[in-house]
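Trainee: I am new to this structure. Please show me how to read its side chains.

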Amino acid sequence: MPPRRPNILLIMTDQQRWDSLGCYGQRAIQTPHLDRLAADGICFESCCTPNPICTPARASLMTGKHIFGHGVGRLYDVLPDTEMLFPARLRAAGYQTALFGKLHVSSGVHEQTQRHPHDGFDIYEYCIEASVGMDSPFNGYVRWLEARDPAFLAELRARRRGLKFIPRTLHLTHWAAERTIDFLRRAGPDQPFFCMMSVFDPHNPYDQYPAEYAARVAAAQLPPVLPPALGDGAIDGAIYALEQERRLSYLGPADSFTAEDILAMRRGYYASLALIDDEVGRVLAALEETGLAENTLVIFTSDHGDSLGDHGLFVKGVHLYDEAVRVPLLMRWPERLPAGQRIAPPVQLHDLAATILAAAGLPVPAEMDGADLLPLAAGGAPPHDYVYCAYRNSGINDAKHYFDPPLASTMIRDAQHKLVIYHGVPAAAAPPALQLFDLQADPHEQRNLAGDPAHGGTLARLLAALIDWLDRQAGARLGRGGEALPGAAWKQSIDNRF
């Protein structure tokens, strides 16, 4: 008799940096439910996003491909109709599939009016953000508010992001949990499910958490703000791309934020995470109550991080410090995976597509860049020697447009070192710049070793591996029209000409 196919629950946040949970060492708030999820399952210590902007990162997660494979490199790009999201493969194999919350594999403008033809969801209750896309026919949060509190909905429509401190019982995070719990309670024993609960928090703005959650944050325990990295006697402000991001961030110029501003930003960020932990706790309790927990693979992750003032930078962008590119990844499957494991080797966010398909007993398509993480979680060898992040003018500036000239950066990292190249700007304006960090000796990325001759061998090795990866990414996309090889007669005709 074949083994039972597992249920799969993917819980996803937005813009959550890796070090923001108790299981990763954070102490400013209590996150008992997510910490328990880590203790009862697997905690991946070094999961990296393929891109630090929502749309490209989520397109990678849902297709299992790096940005070069699916073609979504920027915030407002649209995922081609030819791409297939992994829930479509699950549905074809007999899974019931549901989305509650944010998808964002294409421009939010596009997704308000059109579903991707291969998104694969039977139930599609979409909401990109509480006050964005409110007239979308797919917006499940608005429909829920219409029934629950029309007066609040009218106020939200009128004030949009100007509405602060949303009550918990009306919060988007609460809605997503409510809908997920209802789905779990309706799940039948004869059909496995894939459910994606995807919330907007702790994304900026940082002041829409329920007011009472401010008291949950121990401000004295918030991590100190990291200064810019040093190297060759100069701060990384000498790097053109980073300086552009500091001056023209869509959140505002870096030097316009006071220490109190940053504290308020961080307090709101962590208050939102306290709410997320509470709501995830309710969802996990529902799994237990329904008897589904043992054979459900639960995955918790985020699309990318948030700098929150570290390195003199805010939100996300061309900068590829860990605060922006490293995300939490927790995985629990009582029937299959050992509890209490911590996985140190680096993995990639888009490994989850292959992992989920493999868990469901489905083949992993050859065109996916990601790897199945289940063998690693069970004690096997790491699937990657290196992981990568590629930013291709992906984000927007203070004018809400792409940067001009365009900014680009590429990261490669292994278990110990990270190399970042800032490039893409015409050399006359700004030559390419390098950052090399020893993540074991310098986990906060404070010392750029790229100009240190003692680390020249490491730099050369990572650079060669990065060039090889970029070459393979480009080569895999060539020849898409097929080929027509010459036969003997054609070769003879050519020979006779010369």
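Trainee: Is Cys127 buried or exposed?

Mentor: First, a caution: this is a predicted model. Relative accessible area settles your question, and buried means under 20%. Cys127 has a relative accessible area of 1%, so it is buried.

Trainee: How many disulfides does the structure have?

Mentor: The count comes to 0 disulfides. A disulfide needs two cysteine sulfur atoms within 2.5 Å. Take Cys127 again. The closest cysteine sulfur belongs to Cys54, and it is 14 Å away, so the gap is too far for a bond.

Trainee: What about Cys389, and which cysteine sulfur is nearest to it?

Mentor: The nearest sulfur is that of Cys48, 7.6 Å away, and Cys389 is in no disulfide. Cys389 is also buried, at 0% relative accessibility.

Trainee: Which residues touch Ser409, leaving aside its neighbours within four places in sequence?

Mentor: Cys389 is one of them. The list also includes Val318, Leu320, Ala390, Tyr391 and Arg392. Val420, Ile421, Tyr422 and His423 are in contact with Ser409 too.

Trainee: Where does Ser409 lie?

Mentor: Ser409 belongs to strand E13, residues 408-413. At 0% relative accessibility, Ser409 is buried.

Trainee: What does the side chain of Ser409 reach at 2.8 Å?

Mentor: That partner is the backbone oxygen of Val318. So read a buried polar residue in two steps: Ser409 counts as buried at 0% relative accessibility, and its side chain reaches Val318 at 2.8 Å.

Trainee: Let us turn to rings. How many aromatic pairs does a search of the whole structure find?

Mentor: The search finds 18 aromatic pairs. Read each pair by two values, the distance between centres and the angle between planes. Try Tyr124 and Phe138. Their ring centres are 5.6 Å apart and their planes stand at 90 degrees. Planes over 60 degrees apart count as edge-to-face, so this pair is edge-to-face.

Trainee: Where do Tyr124 and Phe138 lie?

Mentor: Tyr124 is in strand E4, residues 123-126. Phe138 is in the loop between E4 and helix H6 (140-148). The pair therefore ties together parts that are 14 residues apart in sequence.

Trainee: Is Tyr124 buried or exposed?

Mentor: Tyr124 is buried, at 9% relative accessibility. Phe138 is buried as well, with a relative accessible area of 17%.

Trainee: What arrangement do Tyr269 and Tyr270 form?

Mentor: Tyr269 and Tyr270 make an edge-to-face aromatic pair. The rings are 5.5 Å centre to centre, with 70 degrees between the planes. Both tyrosines are buried.

Trainee: Which residues form one aromatic cluster with Tyr124?

Mentor: The cluster joins Tyr124 with Phe86, Phe121, Tyr126, Phe138 and Phe194.

Trainee: Which charged end sits over the ring of Tyr124?

Mentor: That of Arg115, at 4.0 Å from the ring centre. A second case involves Trp18: Arg326 lies over its face, 3.5 Å from the ring centre.

Trainee: Now charges. Why can side chains of opposite charge pair?

Mentor: They can pair when their charged atoms come close. In this structure, the count comes to 35 salt bridges. Start with Glu45 and Arg342, whose side chains meet at 2.7 Å, N to O. Glu45 lies in strand E2 (residues 42-48) and Arg342 in strand E10 (residues 341-343), so the pair ties together parts that are 297 residues apart in sequence. Glu45 is partly exposed at 23%. Arg342 is partly exposed at 43%.

Trainee: Is Arg266 buried or exposed?

Mentor: Arg266 is buried, with a relative accessible area of 3%. Asp310 is buried too, at 2%. The side chains of Arg266 and Asp310 meet in a salt bridge at 2.8 Å, N to O. Arg266 is in helix H10 (residues 259-289), and Asp310 is in the loop between strand E8 (296-302) and helix H11 (322-325). The two residues are 44 residues apart.

Trainee: What does Arg74 form with Asp77?

Mentor: A salt bridge, with the closest N and O atoms 3.5 Å apart. Arg74 is partly exposed at 32%, whereas Asp77 is buried at 14%.

Trainee: Which residues are linked in a network of salt bridges?

Mentor: The network links Arg148, Arg168, Glu178, Arg216, Asp278, Glu279 and Arg282.

Definitions and conventions: Residues are numbered from 1 along each chain as its sequence is written. This is a predicted model: local features need pLDDT of at least 70, side-chain atom pairs count only at pLDDT 80 or more; totals for chains, interfaces and linings use all residues. Side-chain values use heavy atoms; hydrogens and water are left out. Rings of Phe, Tyr and Trp (its six-membered ring) pair if their centres lie within 6.5 Å; planes under 30 degrees apart count as stacked, over 60 as edge-to-face and the rest as tilted. Helices (H or I, at least four residues) and strands (E, at least two) are DSSP runs, numbered from the N terminus. Buried means under 20% relative accessible area, exposed over 50%, partly exposed in between (1.4 Å probe, protein chains only). A charge sits over a ring if NZ of Lys or CZ of Arg is within 6 Å of the ring centre and within 35 degrees of the ring normal. A polar contact is a pair of N or O atoms within 3.5 Å; within protein, one must be able to donate a hydrogen and the other to accept it, and residues adjacent in sequence count only if both atoms are side-chain atoms. Contact means heavy atoms within 4.5 Å. A salt bridge is a side-chain nitrogen of Lys or Arg within 4 Å of a carboxyl oxygen of Asp or Glu.
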